[in-house]
Amino acid sequence: MDEKDWLSLVAVHSDAWLLAVAFYFGARFGFDKESRKRLFSMINNLPTIYEVVTGTAKKQVKEKHPKSSSKINKSGTKRKHTSPAISPART
């Protein structure tokens, strides 16, 4: 197998593993809907390892998103957005 093809294959598998780990932690530590959405958008704003290895990564363009802390929930009070800290797995 050509070295370039092998490296691309490793990059694709690394991307899949990193996504699986990110969403495992999202589920394990009980991220709420807003935190999962934030995690998803953070991941999508970065190039994949495959894109970096093959040189197809695009320049990052910062998008302005409305802050979720200013949203008002059904009870009429402001919702405060906090992301849970990732701590070691409990057994």
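What follows leads through a predicted model, from its overall fold to its helices and then to one of its pockets.

The protein has 3 helices and 0 strands, and from the N terminus on its elements follow the order α-α-α. Of the 91 residues in the protein, 11% are buried, where buried means a relative accessible area under 20%.

Helix H1 spans residues 3–28, helix H2 spans 33–44 and helix H3 spans 49–54. Within the range of H1, an unreviewed UniProt entry places the feature "transmembrane region" at residues 6–27. In the model, the span 6–27 is 100% helix and 0% strand, and the C-alpha atoms at its two ends lie 32 Å apart. The annotation comes from the record, whereas the helical content and the end-to-end distance are computed from the model.

Three residues of H1 can be followed in turn to partners further along the chain. Leu 7 is placed in helix H1 and, with a relative accessible area of 39%, is partly exposed; its C-alpha atom is 8.7 Å from that of Tyr 50, although 43 residues separate the two in sequence. Ser 14 also has its place in helix H1, and it counts as partly exposed at 26% relative accessibility. Between the C-alpha atoms of Ser 14 and Ile 49, which are 35 residues apart along the chain, the separation is 7.2 Å. Phe 23, again a residue of helix H1, has a relative accessible area of 36% and is therefore partly exposed, because that class covers values between the 20% limit for buried and the 50% limit for exposed. The C-alpha atom of Phe 23 is separated by 8.3 Å from that of Arg 36, a residue 13 positions away along the chain.

Arg 36 falls within the range of H2, residues 33–44, and this helix can be considered next. H2 has 12 residues and reaches 17 Å from its first C-alpha to its last, which is close to the 16 Å expected at 1.5 Å a residue. Glu 34, Ser 35 and Leu 39 are buried in H2. These three residues lie on the same side of H2, because they cover an arc of only 140 degrees around the axis.

The remaining topic is the empty space between parts of the chain. Rolling a probe the size of a water molecule over the atoms shows where such space is left. The second largest pocket has a volume of about 310 Å³, and H1, H2 and H3 each supply at least two residues of its lining. The largest share of that lining, 4 residues, comes from H1. Asp 15, Leu 18, Leu 19 and Ala 22 are among the lining residues, as are Ile 43, Asn 44, Leu 46, Pro 47, Thr 48, Ile 49 and Glu 51. Sorted by class, the lining of this pocket has 7 nonpolar, 2 polar and 2 charged residues. Ile 49 thus appears twice in this account, as one of the residues that line the second largest pocket and as the partner whose C-alpha atom is separated by 7.2 Å from that of Ser 14.

How values were computed
Residues are numbered from 1 along each chain as its sequence is written. This is a predicted model: local features need pLDDT of at least 70, side-chain atom pairs count only at pLDDT 80 or more; totals for chains, interfaces and linings use all residues. Side-chain values use heavy atoms; hydrogens and water are left out. UniProt positions are given in the numbering used here, feature names are shortened, and annotations may be inferred rather than shown by experiment. On a 1 Å grid over the protein atoms alone, a cavity is a set of points where a 1.4 Å probe fits but cannot get out, and a pocket is an open set with protein on both sides within 12 Å along at least five of seven lines; lining residues have an atom within 4 Å of a point. Grid points are joined across faces, edges and corners, and a volume is the space filled by probe spheres set on the points. Ala, Val, Leu, Ile, Met, Phe, Trp, Tyr, Cys and Pro count as nonpolar, Asp, Glu, Lys and Arg as charged, and the others, Gly among them, as polar. The expected span of a helix is 1.5 Å times one less than its number of residues. Buried means under 20% relative accessible area, exposed over 50%, partly exposed in between (1.4 Å probe, protein chains only). The arc is that of the directions from the helix axis to the C-beta atoms.
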